[in-house]
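Here is a friendly walk through one chain fold, best read with the viewer open beside the text. Take a look first, and then follow the packing step by step.

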Amino acid sequence: MLRLADVADADFARGLRCGAFRLQVGGFWLRIDGDIEALRIGLRRVYDHYPVSLSGGYYDFDLGLRPASFLRRWFRRNIVFCISGQAPFLPMVVDHAHALFEWGLNWTIGSSVHQYLILHSAVVEKRGKGVMLSAASGSGKSTLTAELAMRGWRLFSDELALIDGPELRLVPFPRPVSLKNQSIDLIRRRNPEAQFGPLAHATQKGTIAHMRAPDESVDRATETAPPALIIFPKWTAGAPLRVSPVGAGQAAIRLIDQSFNYPVLGPLGFSRLADLAQSAPAWELEYSSLDDAVEALDDLLADVDD
């Protein structure tokens with residue numbers, strides 16, 4: 001199996017320029033094109049363990065980063081994210097190329113892959129049990145996910161829970177974990193071995209960096225898991241640890257609020273979401289210490305195992 005780490009820089013750049021480059025992320029093959037150095041640097045830093053092809057062929061999604069216009073290419077140096085030749089977002093500065101690619105890929109999957117129920121939720125796994133971390137932006141979800149991934153939990157996703165079929169299997173889509181502002185330095189201090197893509201400064205969310213997914217998570221991207229826990233995490237400065245049960249009805253309502261395609265799926269989406277809320281116990285987890293939060297999750301998962 002060819003991985004990006006095995007590809008010479010010149011061949012990588014040529015593949016991106018001519019449209020022959022393919023990147024496999026989870027169960028999806030991506031055609032990626034773009035003659036943009038910042039994109040090559042970002043992909044190289046955080047996707048070098050992923051399967052690739054330089055000979056073209058099949059792909060699920062056609063993605064690219066391109067200059068917004070001829071003048072913007074040379075004067076403002078702005079770029080746009082494209083899917084199948086269409087640009088759904090406003091231009092961004094070229095230094096944000098990798099962050100724009102990650103955001104665009106989130107949007108692509110969330111708006112297109114309707115064979116799954118898709119929730120805005122991180123997913124990790126330990127001892128064959130999937131744990132969903134569902135919360136709105138700013139809750140500390142990604143920081144907790146990054147810490148769990150660095151402590152040996154298998155990373156399924158930082159952003160998207162893909163739930164398959166009536167069996168409600170969680171489908172891995174392991175990608176770099178998006179961290180913001182102080183969380184970047186926090187994870188770096190706690191995990192010096194963590195590797196990051198380029199920093200994107202002065203975005204709408206502040207400074208953004210993406211932490212590389214552990215190699216084992218990438219290698220095991222075909223191994224699904226059942227949902228064992230639904231966690232609604234909330235980081236609060238100075239707060240003592242609080243773990244509170246959430247009833248199935250309330251959990252379902254919260255998950256509907258975090259769904260990408262619940263309305264698109266109609267009755268099927270309702271059925272799957274209701275079954276999910278019934279099948280996995282839900283808990284609200286408020287914390288200020290990552291160590292306390294990780295210990296609490298270990299304890300909750302141990303109770304499920306028992």
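## A loop histidine and its surroundings

In this predicted model, His49 sits in the loop that runs between α2 and β3 (52-53). Is His49 buried or exposed? With a relative accessible area of 18%, His49 is buried, because that value is under the 20% cut-off. Leaving aside neighbours within four places in sequence, His49 is in contact with Arg3, Arg212, Asp215, Val218 and Asp219.

## Where α2 meets α4

Let us now turn to the helix before that loop. The helices α2 and α4 pack against each other with their axes 7 Å apart, at an angle of about 70°. The two helices are therefore roughly perpendicular, since angles of 65 to 115 degrees count as such. The table shows who takes part.

| Helix | Residues of the helix | Residues in the contact |
|---|---|---|
| α2 | 37-46 | Ala38, Leu39, Gly42, Leu43 and Val46 |
| α4 | 97-112 | Ala97, His98 and Phe101 |

By type, the residues of this contact of α2 with α4 divide into 6 nonpolar, 2 polar and no charged.

## The nonpolar cores

Which residues have the most contacts inside the largest nonpolar core? They are Leu30, Tyr47, Phe101 and Leu144, in a core of 69 residues. Helix α11 (residues 290-305) supplies the largest share of this core, with 7 residues. Apart from this core lies another one, of 23 residues, including Ala161, Val246, Leu255 and Tyr262.

Tyr47 is worth a closer look. Not counting residues up to four places away in sequence, Tyr47 touches Leu4, Leu23, Val25, His98, Phe101, Glu102, Leu105, Arg175 and Pro176. Two of these names, His98 and Phe101, also appear on the α4 side of the helix contact described above.

## A three-stranded sheet

Further along the chain you can find an open sheet of 3 strands, in the order β12-β14-β13, with antiparallel pairing. Its edge strands are β12 (177-180) and β13 (200-203), each of which pairs on one side only. On average, neighbouring strands here are turned by 35° against each other, direction ignored.

How many bridges join β12 and β14? The antiparallel pairing of β12 with β14 (residues 206-211) runs over 4 bridges. Lys180 stands opposite Ile208 of β14. Helix α6 (residues 182-190) lies across both β12 and β14, and α6 runs at about 115° to β12.

Definitions and conventions
Residues are numbered from 1 along each chain as its sequence is written. This is a predicted model: local features need pLDDT of at least 70, side-chain atom pairs count only at pLDDT 80 or more; totals for chains, interfaces and linings use all residues. Side-chain values use heavy atoms; hydrogens and water are left out. Axes are lines fitted to C-alpha atoms, for helices over the stretch in contact, and angles run from 0 to 180 degrees between N-to-C directions. Angles under 35 degrees count as roughly parallel, over 145 as roughly antiparallel, 65 to 115 as roughly perpendicular and the rest as oblique. Contact means heavy atoms within 4.5 Å. Ala, Val, Leu, Ile, Met, Phe, Trp, Tyr, Cys and Pro count as nonpolar, Asp, Glu, Lys and Arg as charged, and the others, Gly among them, as polar. Buried means under 20% relative accessible area, exposed over 50%, partly exposed in between (1.4 Å probe, protein chains only). A nonpolar core is a set of buried Ala, Val, Leu, Ile, Met, Phe, Trp, Tyr and Cys residues joined through side-chain atoms within 4.5 Å. Two strands pair if DSSP finds at least two bridges between them.
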